[in-house]
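Colleague: I should like to be introduced to this structure through a few questions. May we begin once it is in view?

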Amino acid sequence: MKAAVVRKEHFNAAHRLHNKKWSDEQNQRIFGKCNNPNYHGHNYELLVKLVGEVDPDTGYLFDMKLLSDIIKEEVITPFDHRNLNLDLAEFKTLNPTAENIAYVIWHKLRNRIDEKFDLKITLYETERNIVEYPAD
Ligand code: NI
């Protein structure tokens with residue numbers, strides 16, 4: 001039997017969207033408030049979805065305590081209450097948009113979760129702005 005499980009987590013973090021190749025005017029025009037030189041914060045909601053076969057012996061798709069621990073180690077501990085631009089090596093050269101944050105999270109978790117499970121990240125940057133990775 002195939003099923004999906006979803007673990008919901010939360011972190012807050014600061015960021016600044018900026019492209020060094022562009023002038024200040026162009027950065028301001030493209031990124032608006034998110035280009036604020038002194039950074040700003042978001043309350044990110046993270047959904048981690050696994051799809052796969054339910055183990056007939058346990059009745060579980062995946063141990064949710066283990067999933068929670070993996071997300072904590074890979075994402076919550078390093079990201080929560082941090083400045084994504086300044087504190088995380090991943091975003092030294094990668095603009096910390098919700099798209100890129102979801103992409104980084106997917107790779108970190110993909111290394112820890114068996115390939116037999118499909119993995120999908122949904123990241124809420126705000127209540128109304130939501131990114132999914134991969135796209136389908
Ligand atoms: Ni922002």
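**Aromatic rings and a metal site**

Modeller: Phe79 is buried, and Phe91 is buried as well. Please bear in mind that this is a predicted model.

Colleague: What kind of aromatic pair do Phe79 and Phe91 form?

Modeller: Their ring centres are 6.3 Å apart, and their planes meet at 80°. Planes over 60 degrees apart count as edge-to-face. The pair of Phe79 and Phe91 is therefore edge-to-face.

Colleague: Which parts does this pair tie together, and how many residues apart are they in sequence?

Modeller: Phe79 lies in helix 2, whereas Phe91 lies in the loop between helix 3 (84-87) and helix 4 (98-110). The pair therefore ties together parts whose separation in sequence is 12 residues.

Colleague: Which residues form one aromatic cluster with Phe79 and Phe91?

Modeller: A search of the whole structure finds 7 aromatic pairs. One of them joins Phe11 and Phe79 edge-to-face, at 5.6 Å centre to centre and 85° between the planes. The cluster that holds Phe79 and Phe91 also includes Phe11 and Tyr44.

Colleague: Which residues coordinate the nickel ion?

Modeller: The donor spacing in sequence is H-x18-C-x5-H-x1-H. With distances of 2.1 to 2.5 Å, the coordinating residues are His15 (NE2), Cys34 (SG), His40 (NE2) and His42 (NE2).

Colleague: Why is the arrangement of the 4 donor atoms around the nickel ion given the class it has?

Modeller: The donor atoms subtend angles of 91 to 139°. Four donors count as tetrahedral if all angles lie between 85 and 135 degrees. Because the range reaches 139°, the arrangement is irregular.

Definitions and conventions: Residues numbered from 1 in each chain as written. Predicted model: local features only at pLDDT ≥ 70, side-chain atom pairs only at ≥ 80, totals over all residues. Heavy atoms only, no water. Phe/Tyr/Trp six-rings, centres within 6.5 Å; stacked < 30°, edge-to-face > 60°. Helix = DSSP H or I, 4+ residues; strand = E, 2+ residues; numbered from the N terminus. Buried < 20%, exposed > 50% of the residue type's maximum accessible area, 1.4 Å probe, protein only. Donors = N, O, S within 2.8 Å, 3.2 Å for Na, K, Ca; no water. Tetrahedral: all angles 85-135°; square planar, octahedral: opposite > 155°, others 65-115°.
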